[in-house]
Every structure is written in structure tokens, then in C-alpha cells.
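Please open the structure in your viewer and keep the selection tool at hand. The tour proceeds by selection, and each stop states what is found there.

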Amino acid sequence: MHANVQGLRSKINEINLCLESRRDIGVFGVTEHWCESGEIQFFNPVGFCLRSSFERSLKKGGGSALFVRDDILSEPFREANDVSIESICEISAINVLNHNLVICCLYRPPATSNFEAFIGCVDRLLSILCRRNQMVVLMGDLNIHFESNDNLAYIANRKRFVDLLDGYGLHVTLTEITRKPTGNQPGNPSCLDVMFTNFDPYWYRPLVSDVSFSDHHAIELILFKSLPRPSLTSLWYRRSKPENLMSLRKQLYFASWFPVYQAKSLELASSAFLDIFFAHLDAACPWVEGRFRSAAPGLRVVFSKDMLDLRNKYQGFRDMAASTRNEDLNVIANDSRRSYRRALASFRREFYDEKIKTSSNKAKASWDVVNMELNRKTRAHILNGDLNAQEFSKAFSENFELYSAPEASDEFSSMLGCAPGLQCSFVLSSVTVEDVYSTMLSLKNTNGSDFFGLNTKMLKAVADTICEPLTYLINRCFSDGCFPSSLKISVISPIPKKGNTRACSDFRPISKLPLFVKIIESLVLKQLNEFLEKESIIHPQQFGFCKGKSTVTAAASLIIKALQALEDRQCASLRLYDLSKAFDLVPHNLLMLKMAHYGFGLTALSFFESFLRGWRQVVVFNGKLSSEVDLPCGVKQGSILGPCCFLLFINDLLHQSQEVGDLFLFADDITALVHAPNEAILEERIGAWENLIERWCSVNGLLLNGQKTQRLDLDLGRRLDGQVTFLGLEIDSRLSWNPHVQILSSKLSSCNFMLRRLALSVSRGVLRTVFFACFMSRASYGILLWGNSSHARDIFILQKRAIRILMGLRWDECPVSIHE
């Protein structure tokens, strides 16, 4: 706030009374305090301290001063004070620490002073500020008539002053009347008190307020910071209509990113970037409280205006015919009904086609259409009165309450030593603006939002306006070896598992990270994968999240090894081990030691340690949010870097002694194939494997779930019976694939039912898309392994039925090629 007080000594009580009710005012600037040298320090407003002042020594009156609240860190800006000239340009200035902001208060006496000298003082002041690249607020009583449109002298002075400030990037905030004539001082209303700034207009709100202690009105500038999330007890989202996104683009296009480039530390730079971005986001895409629908269908048809007109026309003729019993009206009503039904069928077909084609989950969208046609109610939201977001938060974090990070023991060093280490050093290289921009555009389009209410649609709309400061921030992360703590928060959504949904354990936590985190992760992962592939760090028996490998290649490798052992007349057995919450319990200290062993440089280690530590999470369920919970360990499953970090952590397990069998890993799924010349040695080797895996889990701080460990003894002679599920494939003791074909047949029969129902509701092209997305994706999975079995004929029969449905043929007609 700025006010021309015209005598601070006599009006200090009135000023205290005014400021007492305005706790939002952090900086109070005054002009014409009329204090002599050294006197003003005795007239501080309550709760404020004097930070800078100009007091006259030759004449009485005039002067300027800046008072700052006690809780705001600031210091005098002495370079600006040195520019002052008594009775021409009287300046007081402060530097607001931690905000990269300079506030100047100016007083220029009335028109009798030298205007040329005043312009020269302001020019020197702005040149000093320009070299510092700081945000500036310039306020005061300049005695330049900003309201005048008829006095040529006033207009010339105003234009010259405004052009000077415009050349330094400053603009006037408002030009409202600040002084009205009184009985003692007659004249015309005038605008003598103004504020200039280089803040973007969306960052502040200027206003003029009436004060009782002066004949001048006070001028205020309310600066906005990034607003916190409105509530942690209800669901909120941001408006993202086209007009909102256009407004956001316009604001960010003219945004000033100087605070990001001038910040002394990464934390300050990231805070400045987020403050600028979210200030504009709050202005253009405001938070809106969500309306949670407790029982919404999976799909809802929204009629167009033409369809509504046809329906209203049909209903009108129908009601008229029923009330008048007129045969002609009855004929017209029947014709209207047939036209409406034809149009309705065409409209529904187009609507369903669009929903299926644009959906990322073709199977779910197809079943939504089928359920709607059958008038089945789908469960879009899960309601359970006994469960809430806070209960889920407690259940998902119960493993962390008693968690204590294990220390690196001698046995840990011995096990890690089995894996070959590297002398070379992995470093994070700088990225270009083009890299960041392409990464932003490559993010997967989703409807969900992160904790800050930002989704990919918003981010891609403004990607070109923020990629340069974001690139600077990312490169600073890489060079400083640090990750911004303000981004370390994730949103957890409980997704139901199969079966009942009555307890928290029946749900699987799926996390969603801030989009800015995903951008940084993607750029790091690209460099990390190149390093791991070049140095061949990941063991060949690890099939999860590795280029050129999949669940099918893992299963094929396992079956080939098992068949070789059985053909050599050896006894063979499979052991499938389950790790409880493996990703969530990874100790950060041990992971850092393993990364150092594999050749990560000090800066890269510092970055990964900063990235992994200090995360918080909230749970969203039934439209409500839980409180935040700190995460002391683990790698985020919903993150891009999480899986790769886990592969590095579990990699040394594969380098343990393999004289007794083979290990096959798909991320945290551990499968051991043990073989021996006879059953006695087989049992001995199985015991050795179990002891090895148990010791490794104990040393590395992971939990082995013994209740879910499965065993399958293999025998081609049909003497054994049993089966296990391995990466979606049912493997039986005789490797006959009969159990897998039976389960697959049941799934494909359901697909045929879906295709048959969809054939009545969607076009032939969309039906073909659903066939490949739902039927063929299941039928072809693992066909390399089971396709030559004696039971595969059942699957091929179901495939022919599906093709007949697709081609519109009867059951006894021969299906032609689907590609014709």
C-alpha cells in the first residue's frame, strides 16, 4: 500500500487504526512524511519496522519511506537511495528477500520542480534495476497528472514518463482518481498517486482505497501466489474448456520467467517456476468442486438437437392421435415413429462407433455398449459405507509405520559382489528444448488429473510456452543432483481386485504422479536405458521392462529349459515365489549402494537419492481425499523410473550360484526351475534355492510371502497332476496346455457373445476393431507355446465362429478371408 500522509507525526494514531484492520498489508509506503533527519524512526506503525527512508536536510516537508511487517525478510536497497535528489526525486527502496522483488517509493514535489532532472533520476534508477533482473514495484506520489486529456503540458510529461518506464518493461497498474478537491484545496479531481510494475497483469489486483488520514486515496497492489488445493475433504477439478486453455496460453505466452533464471538454488528456481505456472493456471483454469455421481452408468447416450426434435415430433403426433382418435393422425404418428426409430438406430450406431474408436480400453468400452443394450447396470463407482479415503490411506501405509531401513551387512556386500561392477561413471547429460518439448507431447492422453489438477490436455496446450524455463529447471536438476521437493506428492486411487470389495485388502493402490515429474522421469529413463543397454548391466534372465523382451519370451525360455531337462531324463520342478509389496519396501540406502556398484556417478547418485526420498501421498476414494502420508521407503509403481530402479535393486539375485537350476524374473515375479538326476538331489537343491532366496530377501529388506509360494513338479509320463499360473499362462505338470486352453476357451466364448451383441449396434469396421482388440489379443497370447498342442483345435473353432459373426454369415456358411 502507498499513501500520501502529509505529516506522519500527527497522523500516526490514525494510521495505526487503519493498518490494524488490514493484516494483509505487508509493505506500507508513505510520501510527504515531513519528518526531519533521524526523526522518522520514532514513528513506526504498530507491527511494522522502518526499512528505508529519505528525509530532507535543506527544506521542510516531502520525503518518502517504506515500512515492512516484522515477519517479512527485507533489506534496504541502498543503490536506489543513492540516486535520490532532494526536492526533485526522493526515493526509498527495499529488497524483499527470497522473492527476488524490489519495491521503490518515490516522491516528486509539485510542478515547480525540475522535470528533466526527475526523469534523469528515474532513468538511472531503472538502469540499476535492469542489471539486477528483478521483479519491480514502483509507487509514489509523482505529481504527474495521469487523468488529464486536455492540458498539453500534462499530456507531454505523462507520455514521456510512461515511455521511459515502458522501455524498461514496466507498466502502470491503474489510473483512477486518487485526490479529490476539498474546501481547503479546490480544483479538479486528479490522479497523482500511481504504481508501476513488471509483474504480469494476471499476478496482481490493483485498487484504490479511501483512508481517513489524508486527502489522497491510498493505492494498493495485491500480489497473488500459487493457491493451494481448495480442500482435502472433497473432490475438485479444474475447468479445461477451449476458452480456458486459450486464456492459459495467452497468459503464459506473456509470462516473465526471470525469477526462475535468477534463483540462487534449485528449490528457489522450482518454487518460482511453479508459482508462475500455477498462478496463471489458477486464473485461467480455476478450481471447481466436483459433483460425485454415486451410481452412474458406464455409458450414457446424449441426444443431439435433431434427435430431440424427431422425438418431440413423434410424441406430439402420438398424443394428438390418442386424444382425438383420428385415423389420419394415427397414420402420421406411425410414420413419425418409424422415422424416429430409423434415425435413432443410426444415431446410436454412430455414437457407439465413436466411443469405441476413441477409447484407450477397447474391451471395457465394448462391454459398456453391450451392457447398455442389455439394460444392465454397470458399477462406475464403488460405494461402501465402511470404507473411506482415510481408511485406505491407513491400510496402504501400514507397512511404513514400523519400517526401519536395514543396514548394509557383510553378507549384503558379498551378494552384491557376485554381480559385475563397473569402473565407468553414469552421468546425466543436459537436455535440449526440443527434447523437453517432444517429451511433453509424447505423454499419454488421459482424463485424470494429478494432485495439482493438471492433466495432459492442459499441459500439451501450453507446451511451447513453458518448455524453455522447464528445460532450464531440468538441466539444473541434473547438474545439481537434486529433485524439487515441491513435486514429491502422488495421488493414490484404490482399484478393486477380482471378487469382493468389502475390505481395503481387496483393492490395489494405483498412484498418479505430477505431470512435471513424468517429464523429468522420461528424460532420465532415456539416458539410463542407453547406459544399461550399452554396459549390459541387467541380467539376461530378467524379462520385465526390458527392450525386446516380454512375458511370452519369459515363458518360452522357461518351457525350453524345462523340456531340455526332461529330455535329459532329469527330475524338474518349478518354484514360483511371491514378494509382498516388493516395490513399496525397497530400502533407499541399499539401492544407492547398488547403483554405485553399477557405475553411477556421484551427481547421478545424488539425483536419484533426492528423487526417491521425501515423497508424500494422498488417497482419493468416492470423491474424497485423505490426509497426506510420508513414504520412508520404496519406489513408486506409478512412476516411469520406478520399474528400472527395481530392476537394478533385484539384479544381483540373478548372479547368485546357478549350479542347481535357473531363475526367471519378470520384475518382482521370481520363478526358479530346479532340476536334478533324481528326486533326492532335487529336494536338496530346492531347499538350497529356498534358503538362498530367503537370505537374499532378509539381507535386502524385502518380505517373502511363503503362503503364496507355489510348487509344480514336471513329468511327461502322466504320473503327476497339478498346475500353476505363470505370467497369464496355465502350466500343468505334463506341459499339455489343456488347462490353459480350457480357461482361454471360456474367455473367448464371452468375446463371441460380445461380438454377436455388438454386430447389432456398431458398424462393420468398428466390429473388426473389437475383434482384433478383444478376441485376437487373447487368442494369440502365448500361441507360440500352446498352438501346437492337441487341444488347440478348440480355440481355432471359436475363432471361426468369431469370423462368421464378423462377416455376417450363418453358422453353417464357410467364412472367407477377413481381409477381403
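A cavity is here a set of grid points where a 1.4 Å probe fits but cannot get out. By this rule, the predicted model contains three cavities of 30 Å³ or more.

**Orientation: the domains**

Before turning to the cavities, colour the chain by domain. The domain assignment gives domain 1 as 2–223, domain 2 as 305–374, domain 3 as 392–428 + 481–722 and domain 4 as 736–807. Select domain 1 and domain 2 together: their C-alpha centres lie 69 Å apart.

**First stop: the largest cavity**

Select Asp584, Gln617, Leu631, Val635 and Lys636. Of the 18 residues that line the largest cavity, these five are the closest to its centre. The volume of this cavity is about 240 Å³. Now add β16 (507–512), α20 and β19 (615–621), the elements that each give two or more residues to the lining. Among them, β16 gives the most, with three residues. What classes of residue make up the lining of the largest cavity? It has 12 nonpolar, four polar and two charged residues.

**Second stop: the second largest cavity**

Select Met135, Phe199, Asp200, Trp203, Ser256, Pro259, Ile276 and His280, which line the second largest cavity. About 60 Å³ of space lies within it. By class, this lining comprises five nonpolar, two polar and one charged residues.

**Third stop: helices α16 and α20**

Return to α20 (residues 602–612) and display it with α16 (residues 463–480). The axes of these two helices come within 7 Å and cross at roughly 115°. To see the contact itself, show the side chains of Cys477, Phe478, Ser479 and Asp480 on α16, together with Thr603, Ser606 and Phe607 on α20. The residues of this contact divide into three nonpolar, three polar and one charged.

**Fourth stop: Leu428**

Keep Phe478 and Phe607 displayed and add Leu428, which touches both of them. Leu428 also touches Val524 and Gln527, when residues up to four places away in sequence are not counted. It lies in the loop between α13 and α14 (433–441). Is Leu428 buried or exposed? Leu428 is buried, because its relative accessible area is 12%, and buried means under 20%. For a distance to check in the viewer, pick the C-alpha atoms of Leu428 and Leu528: these residues are 100 apart along the chain, and the atoms are separated by 8.4 Å.

**Fifth stop: helix α19 and the loop that follows**

Select helix α19 (residues 588–597) and highlight its buried residues, namely His588, Leu590, Leu591, Met592, Lys594 and Met595. Against which helices do the buried residues of α19 pack? They pack against α13 (410–417), α20, α21 (642–650) and α22 (679–700).

Move just past the end of α19 to Gly599, which takes a positive phi of about 100°. Next select Gly601, in the loop between α19 and α20. At 8% relative accessibility, Gly601 counts as buried. Leaving aside neighbours within four places in sequence, Gly601 is in contact with Ser425 and Phe426. For a view across the model, pick the C-alpha atoms of Gly601 and Leu106: the two residues are 495 apart along the chain, and these atoms are separated by 53 Å.

**Sixth stop: Ile128 in helix α3**

Select helix α3 (residues 115–132), in which Ile128 lies. Ile128 counts as buried, because its relative accessibility is 11%. Show Phe77, Glu79 and Val83 as well: Ile128 is in contact with these residues, its neighbours within four places in sequence being left aside. From Ile128, draw a distance to Phe317, which is 189 residues away along the chain; the C-alpha atoms of the pair are separated by 81 Å.

**Last stop: the loop between β2 and β3**

Select Glu32, which lies in the loop between β2 (27–31) and β3 (48–54). Its phi is near 55°, a positive value in a residue other than glycine. Trp34 lies in the loop between β2 and β3 as well. Trp34 likewise has a positive phi, of about 65°, although it is not a glycine. How do the two residues stand in accessibility, and which class does each fall into? Glu32 counts as buried, at 13% relative accessibility, whereas Trp34 counts as partly exposed, at 41%.

Terms used:
Residues are numbered from 1 along each chain as its sequence is written. This is a predicted model: local features need pLDDT of at least 70, side-chain atom pairs count only at pLDDT 80 or more; totals for chains, interfaces and linings use all residues. Side-chain values use heavy atoms; hydrogens and water are left out. Domain bounds come from an automatic or database domain assignment. Axes are lines fitted to C-alpha atoms, for helices over the stretch in contact, and angles run from 0 to 180 degrees between N-to-C directions. Helices (H or I, at least four residues) and strands (E, at least two) are DSSP runs, numbered from the N terminus. Contact means heavy atoms within 4.5 Å. Ala, Val, Leu, Ile, Met, Phe, Trp, Tyr, Cys and Pro count as nonpolar, Asp, Glu, Lys and Arg as charged, and the others, Gly among them, as polar. On a 1 Å grid over the protein atoms alone, a cavity is a set of points where a 1.4 Å probe fits but cannot get out, and a pocket is an open set with protein on both sides within 12 Å along at least five of seven lines; lining residues have an atom within 4 Å of a point. Grid points are joined across faces, edges and corners, and a volume is the space filled by probe spheres set on the points. Buried means under 20% relative accessible area, exposed over 50%, partly exposed in between (1.4 Å probe, protein chains only).
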